[in-house]
Amino acid sequence: MSSILTIFRDFLVHVCKSSNILLLLWCGLIAYIATIYLKKYPTKVYLVDFSCYKPDPACICSKEMFVQTCTGHFQNESIDFSRRILDRSGFGQKTYMPKSFFKIPQSICISEARKETESVIFGAIDELLLKTKVQAKNIRIIITNCSIFNPTPSLSSMVVNHYKLRHNILSYNLSGMGCSAGLLAIDLAKQLLQVHPNSYALVVSTENITIGCYFGNDRSMLVSNCLFRMGGAAILLSNLSTDSSRSKYNLRHTIRTHKGSQDHSYNAVFQKDDETQRNIIGVALSKDLMNTAGDALKANISILGRYVLPLLEQLKFLSTSIVKKYFNTRMKLYTPNFKLAFEHFCIHTGGKAVQDEMQKILELSDWHLEPSRMTLYRYGNTSSSSVWYVLAYCEAKGRIKKGDRIWQIAFGSGFKCNSVVLCALRNIDPVQENYNPWIDEIHQFPVNATS
């Protein structure tokens with residue numbers, strides 16, 4: 001009898017062991033299938049809405065006023081150089097500078113810089129919350145980016161404190177990453193929304209003009225001093241399926257390119273001490289900047305093209321690449337027709353030279369460049385937020401229709417080139433865009449930006 005019980009017990013142990021193995025195999029198979037599915041079909045991310053800050057009219061600064069205000073700080077040669085830069089900048093007469101810029105004497109200090117940043121950030125977020133009707137307590141992720149001004153506590157903490165956000169919020173503050181940091185922040189938000197379900201992510205992009213003012217006479221630093229202007233944007237992203245019906249855009253792709261491993265790229269935009277004057281810091285732009293930007297652009301679009309270009313365009317590019325590499329190094333690479341992939345191009349307003357080069361490389365029409373040129377004319381280079389002013393222009397003009405594909409592209413120190421691809425989920429009616437920074441004056445555009 002005992003032998004029978006022993007045999008039965010051994011049989012049960014064997015069955016249990018087999019069941020555990022089968023269970024483990026099934027669990028492994030399910031996990032593998034789930035991983036493959038999530039990689040192939042990632043969580044959809046929606047751009048619910050965005051808001052661009054429009055400063056007070058008292059902050060308007062004409063080109064003549066800018067030069068006049070700088071007169072007491074620079075040598076005559078530097079004043080003349082700044083005037084020539086502004087004449088060729090593509091700027092209009094209504095760009096914005098912070099109130100500290102107009103004070104006599106100018107007040108360049110942390111408190112003034114904080115006032116500027118608070119007015120921009122809070123102004124943009126307030127409008128965004130009004131537009132989306134989302135309560136601040138429901139935001140789970142906050143990402144701020146500002147290259148020059150990085151106080152303690154951080155700018156993201158500034159937002160958390162002002163809006164009394166939840167205590168377990170995921171807070172990120174990006175600094176020193178230049179004009180492309182805004183799109184980089186969108187990519188970071190997208191990655192976080194893949195792993196945090198049912199969440200809102202708030203991205204805030206700005207630059208601080210007060211703390212970035214340069215009062216030396218180094219021409220490589222005077223260029224950036226002339227081109228940057230006050231501005232900022234707030235963007236609300238969501239992975240809630242219920243937001244699909246009310247969101248403006250679907251976030252399709254984010255492509256990041258970093259050329260910092262190359263010394264000439266790393267040094268293309270560099271903050272450093274003025275070699276001729278003590279206690280003065282400026283951001284120097286190298287003479288090789290345009291070539292550096294071109295290299296970064298080519299690297300970025302070679303990756304982007306795989307996702308957005310028609311197959312025939314990809315084959316044309318691939319074939320010329322092979323011929324150039326193995327048979328004829330002098331052969332010019334085929335430039336894909338990105339107009340087959342996008343209806344709208346939101347190009348960073350880094351300057352007129354940047355826009356001209358982008359138009360030449362991508363073979364874009366004046367109509368495609370109009371939003372970027374008019375943004376440079378009206379708002380100047382607002383750094384990482386500029387691509388959102390460009391998109392706001394497209395919306396105010398009634399250009400955005402359901403299904404339209406939008407390419408946002410920006411360049412930044414490091415050297416980086418970042419792209420974001422959006423797809424419009426509905427027609428954007430300008431009449432309903434009450435908080436659009438262009439809406440009160442869009443009838444005045446386009447203008448001749450060369451005048």
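1. In this predicted model, Tyr 96, Tyr 377, Tyr 379, Tyr 389, Tyr 393, Trp 438 and Phe 445 come together as one aromatic cluster. Aromatic pairs in the structure number 18 in total, and one of them, between Phe 66 and Phe 101, is stacked, with 5.4 Å from centre to centre and 15 degrees between the planes. That pair joins distant parts of the chain, since Phe 66 belongs to helix α2 (residues 63-70) and Phe 101 to helix α4 (residues 99-102), 35 residues apart.

2. The surroundings of these two rings deserve a careful look. Phe 66 has a relative accessibility of 2% and therefore counts as buried, and Phe 101, at 3%, counts as buried too. Phe 101 also forms an edge-to-face pair with Phe 102, at 5.5 Å centre to centre and 85 degrees between the planes, while Phe 102 is partly exposed, with a relative accessible area of 25%. The ring of Phe 66 has the charged end of Arg 229 over it, 4.7 Å from its centre, and elsewhere Lys 131 lies over the face of Phe 50, at 5.6 Å from the ring centre.

3. Turning to the strands, there is an open sheet of nine, with mixed pairing, in the order β5-β4-β6-β7-β1-β8-β13-β12-β11. Because β5 and β11 (344-347) stand at the edges and have a single partner strand each, one side of each is left without a neighbour in the sheet. On average, neighbouring strands here are turned by 20 degrees against each other, direction ignored. At one edge, β11 pairs in the parallel sense with β12 (residues 405-412) over four bridges, and Cys 346 stands opposite Gln 408 in β12.

4. Strand β4 (residues 139-145) is largely enclosed by the rest of the structure, because six of its seven residues are buried. It is paired in the parallel sense with β6 (residues 200-206) over six bridges, where Tyr 200 is the bridge partner of Ile 139, and β4 is also parallel to β5, with five bridges, including one that matches Ile 141 with Leu 170. Together β4, helix α6 (residues 155-163) and β5 make a right-handed β-α-β unit.

5. Finally, Cys 179 is placed in the loop between β5 (170-174) and α7 (181-195), and it counts as buried because its relative accessibility is 12%, with under 20% as the cut-off. Beyond its neighbours within four places in sequence, Cys 179 is in contact with several residues, among them Phe 228, His 348, Asn 381 and Phe 411. Cys 179 and Thr 349 are 170 residues apart in sequence, yet their C-alpha atoms are 9.4 Å apart in space.

How values were computed. Residues numbered from 1 in each chain as written. Predicted model: local features only at pLDDT ≥ 70, side-chain atom pairs only at ≥ 80, totals over all residues. Heavy atoms only, no water. Helix = DSSP H or I, 4+ residues; strand = E, 2+ residues; numbered from the N terminus. Buried < 20%, exposed > 50% of the residue type's maximum accessible area, 1.4 Å probe, protein only. Contact = heavy atoms within 4.5 Å. Pairing = 2+ DSSP bridges. Axes fitted to C-alpha atoms, helices over the stretch in contact; angles between N-to-C directions. Right-handed = clockwise from strand over helix to strand, strands pointing away. Phe/Tyr/Trp six-rings, centres within 6.5 Å; stacked < 30°, edge-to-face > 60°. Lys NZ or Arg CZ within 6 Å of the ring centre and 35° of its normal.
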